[in-house]
Amino acid sequence: QHVLTMHDSPITALALHPDGITVATGQTVVPGSDVCGWVWSSDSYSPELCLSGAHMGSGVVSLCFSRDGNRLFTLGAEEEQVLTLWDWRTGQVVASARAGKQTVLCVGCSPADGNVVTAGVGHVRFWRVHSLGGLSLRSKKGVWDERCTSRTILSLEFGSSGVTLTGAADGSLYVWKDTQVRHVIAGAHAGPLFGLWAAENGFASCGKDGKVRVWSWKLKSTKAFAIDELMAEHTNASMKQGREGRSVRNVCWQDGKFLVSTSWNELVEIIEIEQSIAIICSGHFESPDITGLCCHPHQPWAVTCGKDSFLKIWDCISGHCISSIRCTDAEGHPRACLSCSYSNDGLQIVAGLEGETLVVYHAETYSKIYSDSLPSNATVIDFCPDGRCFAVGLQNGELLIYDTSPLTQKHVLACHGHQVISIDWSEDG
């Protein structure tokens, strides 16, 4: 793992150069600065150029490299949404034009003719770079027809035959040639179509319905994968728990493998032939806060918890999430998890949930084996040295002592005027 620290504000966009090594990343613009992005090498992990000096407003919405890799297009986030063409090796702006007042959500460069397409709310624009009298950017509006039930475009991709694919907010798929809609696949997905990826023998799409679909260039659906169903079949039973299912935000397809990002902050790999799925990377979502952490007493594992209501078990050597437990209250409703701890033998995980609930899970089967109502939310949990009992610190300043065999509340200590933030035991417990 490598960490690059040249950005000084949130990263908002990323594009890969045709050489497969050079990367461009855009960022929000910090007040008093005109830095809007960087070009860097994924081989040496060193920055090659700072993008600055262009009118980007509050930052970069999207960016892409030209077909030959010599130029870089960036789209600004200000009201005018300026499309800027850079000579990225020198850092010079060579052309720019207003992309219009309608919100632009995506920009891409066609590998067939090198032209650029911008799309978003109510529009698709096809751009050419003109060199007469100096470089300039000129566009033509895409022409909709009555088959286009939604005119909000969320994704775009290009076919080798010069067609442009766009995914719409209602799940429709539009195929463009020149500036005309030539084909419409209504209901390609049940809900917004978030991502498209083109390959030699077809293309893949993904959407809010949690599915990845494979299409031939004859526009026939040849295969579909439901991410939640694959997860239930190929991961531990706790992954079946949850509220609404995952949506798929983006997809890549190469050599029979799909790389998929989900709304649950996961990066997963699907093997097409086996129809198997594996979690490559996973983290807490909804809120980036990790509210609790505890290391396993005997294995190189750790458990974390967060406001997304998940307990996640991590392999500390590989850095991968190996299991997840969805924390629910007595009625089965997901609850934010505020604290957690392994038992001394590593066979139990104790968690304090929002809603003044304490739960204990079996660390191997992930089944709930105990639950108790608390007078206040649990902020910290710690086991005594011999494992016979554990202490639970509460937001109201109380300290609860529980026996582990059998699991039962033993003592209530009203010892603090404010919430308990840390617990430690003497050596003799």
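The paragraphs below go through a predicted model, taking in turn its largest pocket, a four-stranded sheet, a hairpin and several salt bridges.

The largest pocket holds about 1,600 Å³ of space. Its lining is made up of 45 residues. Leu 14, Leu 156, Glu 157, Leu 196 and Trp 197 are the ones that lie nearest the centre of the pocket. By residue type, the lining divides into 28 nonpolar, 13 polar and four charged residues. Several strands take part in the lining, each supplying at least two residues: strand 1 (11-16), strand 5 (60-65), strand 9, strand 13 (153-158), strand 17 (193-199), strand 21 (248-254) and strand 22 (257-262). Strand 17 gives the largest share, with six residues.

Strand 9, one of the strands in that lining, also belongs to an open sheet. This sheet has four strands in the order 9-10-11-12, with antiparallel pairing. Strand 9 (104-109) and strand 12 (136-141) are at the edges and have a single partner strand each, so one side of each has no neighbour in the sheet. From one strand to the next, the twist averages 25°. Within the sheet, strand 10 (residues 116-120) and strand 11 (residues 123-130) run antiparallel and are joined by five bridges. To find this pairing in the structure, look for Val 116, which stands opposite Trp 127 in strand 11. In a regular strand, side chains alternate between the two faces of the sheet.

Further along the chain is a hairpin formed by strand 29 and strand 30. Strand 29 (residues 337-342) has six of its six residues buried, so the rest of the structure largely encloses this strand. Strand 29 pairs with strand 30 (residues 348-353) in the antiparallel sense, over five bridges. Tyr 342 stands opposite Ile 349 in strand 30. Five residues lie between the two strands, and in this hairpin Gly 346 takes a positive phi near 75°.

The last topic is charge pairing. Side chains of opposite charge can pair when their charged atoms come close. With a cut-off of 4 Å between a side-chain nitrogen of Lys or Arg and a carboxyl oxygen of Asp or Glu, the count comes to eight salt bridges.

One of them joins Glu 272 to Lys 223, with the closest N and O atoms 3.4 Å apart. Glu 272 is in the loop between strand 23 (266-271) and strand 24 (276-282), while Lys 223 is in strand 20 (residues 221-226), so this pair ties together parts that are 49 residues apart in sequence. Glu 272 is buried, at 15% relative accessible area, whereas Lys 223 counts as partly exposed, at 28%.

Another salt bridge is formed by the side chains of Glu 266 and Arg 246, at 2.7 Å from N to O. Glu 266 lies in strand 23 and Arg 246 in the loop between helix 1 (227-234) and strand 21, so the parts tied together here are 20 residues apart in sequence. Glu 266 is buried, with a relative accessible area of 4%, and Arg 246 counts as buried at 3%. These two residues also belong to a network of salt bridges that links Asp 228, Arg 246 and Glu 266.

A further salt bridge connects Asp 329 with Arg 335, whose closest N and O atoms are 2.9 Å apart. Asp 329 counts as buried at 6% relative accessibility, while Arg 335 counts as partly exposed at 31%.

Methods
Residues are numbered from 1 along each chain as its sequence is written. This is a predicted model: local features need pLDDT of at least 70, side-chain atom pairs count only at pLDDT 80 or more; totals for chains, interfaces and linings use all residues. Side-chain values use heavy atoms; hydrogens and water are left out. Two strands pair if DSSP finds at least two bridges between them. Axes are lines fitted to C-alpha atoms, for helices over the stretch in contact, and angles run from 0 to 180 degrees between N-to-C directions. On a 1 Å grid over the protein atoms alone, a cavity is a set of points where a 1.4 Å probe fits but cannot get out, and a pocket is an open set with protein on both sides within 12 Å along at least five of seven lines; lining residues have an atom within 4 Å of a point. Grid points are joined across faces, edges and corners, and a volume is the space filled by probe spheres set on the points. Ala, Val, Leu, Ile, Met, Phe, Trp, Tyr, Cys and Pro count as nonpolar, Asp, Glu, Lys and Arg as charged, and the others, Gly among them, as polar. Buried means under 20% relative accessible area, exposed over 50%, partly exposed in between (1.4 Å probe, protein chains only).
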